Structure formats: C-alpha cells, structure tokens
Amino acid sequence: MTRTPVTGADVQRAVDLTASALRGAPAEAWSRQAGPMDCDCWDALDHLNNGLFSYALRLAPQVPYLQGRPTIVWQRPGEQPLPIITDRESGPEAGIEAMLMMGGLVAAVVDARPPTARSWHVWGTADPEGFAAMGVVETLAHAFDLAQGLEVSFAAPADLVAPALARLFPEAPQDTDPWTTMLWATGRGELAGRERVSPDWQWHSAPLDDAPA
C-alpha cells in the first residue's frame with residue numbers, strides 16, 4: 001500500500017485545528033485537569049508548546065542534534081521550569097498563539113531539511129518526516145486531552161491523522177477509524193478487538209526502513 005508522506009503542511013493544519021477548538025473555551029476552564037494528564041490545561045498547553053519547540057530545534061542545525069550535546073536548559077528551578085512559557089494573566093490566547101508559532105517552526109524546519117537529515121529522539125533517531133509526524137501526533141493527542149478538560153468538542157479528520165499514524169505506529173491497524181486508532185495507540189482510548197495500550201507506549205521515530213518486520 002502506498003503511504004502518504006507527512007509534511008510541514010500537516011503540522012500547520014494540526015495546530016490550526018487545535019487553536020480553533022481551544023478558543024471555544026472560557027478562560028476560567030483552563031484551571032481544570034487536562035483529560036488523562038496529571039496537570040491543568042495551562043500546564044498541558046505549555047507541555048505541548050515545548051514539545052513542538054524541541055522538535056524544531058533538534059532538526060534545525062546542519063550538524064544534527066545528538067543525545068548529550070549541551071543546548072538549552074529544559075528544566076530550570078522554580079515555578080516556571082520550561083523554556084517556552086506564556087503569561088497566564090494575558091489569558092489562554094497567549095498560549096494558543098505560542099502553539100501556532102511553535103507549530104510553524106516545526107513546519108518550516110521539516111520542509112527545509114533534506115530527507116537524509118537525521119536527529120536524535122529518545123524513541124529513535126528520526127528523519128524530517130518523522131519529526132513532522134511527531135508534531136502532528138503530539139498536537140492532536142494533547143488537543144484531545146485539552147478538549148476533555150475544557151469541555152469543548154474536538155475530533156481530528158481522518159486525512160490528517162492517517163498519514164502520521166502510519167508513519168509513527170506502523171504496527172497499528174489500517175482498516176479502522178484513524179482518529180480512534182490514534183487515541184488507542186497513544187493510550188487514550190479503546191479499539192475493538194485490541195487490548196488497551198499501556199501508559200508507557202512509544203511511537204517509532206526512526207525511518208520506516210528501520211521498523212521491525
């Protein structure tokens with residue numbers, strides 16, 4: 001079966017759809033727990049924004065990032081340990097705008113780097129398409145978490161989910177609804193005929209040529 005590649009346009013579409021959904025929630029709802037995450041919606045959005053930022057940074061250098069190379073301090077002491085934070089007194093729109101910025105960075109970098117580029121990720125050294133797929137799945141999975149906490153409706157379209165799902169979860173079934181399957185693969189839901197995925201799930205970051213047979 002021919003697989004549709006994941007590109008920067010998919011990352012941009014994922015953050016655009018997520019922003020539209022999150023903007024439907026009142027500011028007071030952001031203190032609620034973000035679905036299955038062990039944090040409130042403010043912190044969940046910070047987590048997403050920093051994840052996207054890290055994908056762009058890892059792939060951006062001409063000399064790929066390798067594990068252990070000193071770069072940004074990702075965990076600082078204090079109440080605001082992450083490098084990308086927003087002023088909560090400005091309301092949730094600041095965090096949403098930051099998400100659009102981080103998604104745009106990922107989209108630009110993955111489209112600019114050649115297919116032969118590689119950079120380290122804890123779940124496998126990835127190519128640009130892998131980082132694009134990670135940007136899509138990271139965004140959509142946490143959009144689901146945030147939508148649960150904020151009590152807004154969100155479901156990602158099949159044509160956006162399916163390519164990223166096939167890239168990062170080559171073992172996942174391809175004859176089921178892509179959104180339901182992605183939630184199952186990331187430990188967020190059930191899938192008929194399959195055991196529930198444990199919380200320590202992983203995706204396959206490395207190029208699919210390196211996937212297990």
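This is a conversation about how the helices, core, cysteines and cavity of a predicted model are called what they are.

Student: What should I keep in mind about the numbering and the model?
Tutor: Residues are numbered from 1 along each chain as its sequence is written, and side-chain values use heavy atoms, with hydrogens and water left out. The model is predicted, so local features need pLDDT of at least 70 and side-chain atom pairs count only at pLDDT 80 or more, while totals for chains, interfaces and linings use all residues.

Student: How do you know that the span of helix α3 agrees with what is expected?
Tutor: Helices are DSSP runs of H or I with at least four residues, numbered from the N terminus. The expected span is 1.5 Å times one less than the number of residues. For the 21 residues of α3 (residues 92-112) that gives 30 Å, and the end C-alpha atoms are 31 Å apart, so the two agree. Helix α1 has 15 residues and reaches 21 Å, close to the 21 Å expected.

Student: Which residues of α3 are buried?
Tutor: Buried means under 20% relative accessible area, exposed over 50%, and partly exposed in between, with a 1.4 Å probe and protein chains only. Among those of α3 that are buried are Pro92, Gly95, Met99, Met102, Val106 and Val110. The buried residues of α3 pack against α1 (8-22), α2 (41-59) and α4 (128-150), where contact means heavy atoms within 4.5 Å.

Student: And what do the buried residues of α1 pack against?
Tutor: Their partners are α2, α3, α4 and α5. The buried residues of α1 include Val11, Val15, Thr18 and Leu22.

Student: Why is Cys39 not counted in a disulfide with Cys41?
Tutor: A disulfide is a pair of cysteine sulfur atoms within 2.5 Å. The sulfur of Cys39 is 7.8 Å from the closest cysteine sulfur, in Cys41, so this is too far for a bond. Cys41 is likewise in no disulfide, and the count comes to zero.

Student: Why is Cys41 called buried or exposed?
Tutor: Its relative accessibility is 0%, so Cys41 counts as buried. Cys41 is also one of the residues in contact with Leu150, together with Leu22, Ala25, Ala29, Trp30 and Arg32, leaving aside neighbours of Leu150 within four places in sequence.

Student: What makes a nonpolar core, and which residues of the largest one touch the most other members?
Tutor: A nonpolar core is a set of buried Ala, Val, Leu, Ile, Met, Phe, Trp, Tyr and Cys residues joined through side-chain atoms within 4.5 Å. The largest has 65 residues, and Trp30, Leu140, Leu146, Leu150, Phe169, Trp179 and Met182 touch the most other members. Helix α4 gives the most to this core, with 13 residues.

Student: Why is Glu151 called buried or exposed?
Tutor: Glu151 has 64% relative accessibility, so it counts as exposed. Glu151 sits in the loop between α4 and α5, and its phi is near 60°, a positive value in a residue other than glycine.

Student: Why is Pro83 called partly exposed?
Tutor: Its relative accessible area is 21%, so Pro83 falls in the partly exposed class. Pro83 lies in the loop between α2 and α3. Its C-alpha is 9.7 Å from that of Asn49, 34 residues apart along the chain.

Student: Which residues line the largest cavity?
Tutor: They are Trp42, Leu45, Asp46, Thr86, Arg88 and Gly95. On a 1 Å grid over the protein atoms alone, a cavity is a set of points where a 1.4 Å probe fits but cannot get out, and lining residues have an atom within 4 Å of a point. Helix α2 supplies the largest share of the lining, three residues.

How values were computed. Helices (H or I, at least four residues) and strands (E, at least two) are DSSP runs, numbered from the N terminus. On a 1 Å grid over the protein atoms alone, a cavity is a set of points where a 1.4 Å probe fits but cannot get out, and a pocket is an open set with protein on both sides within 12 Å along at least five of seven lines; lining residues have an atom within 4 Å of a point.
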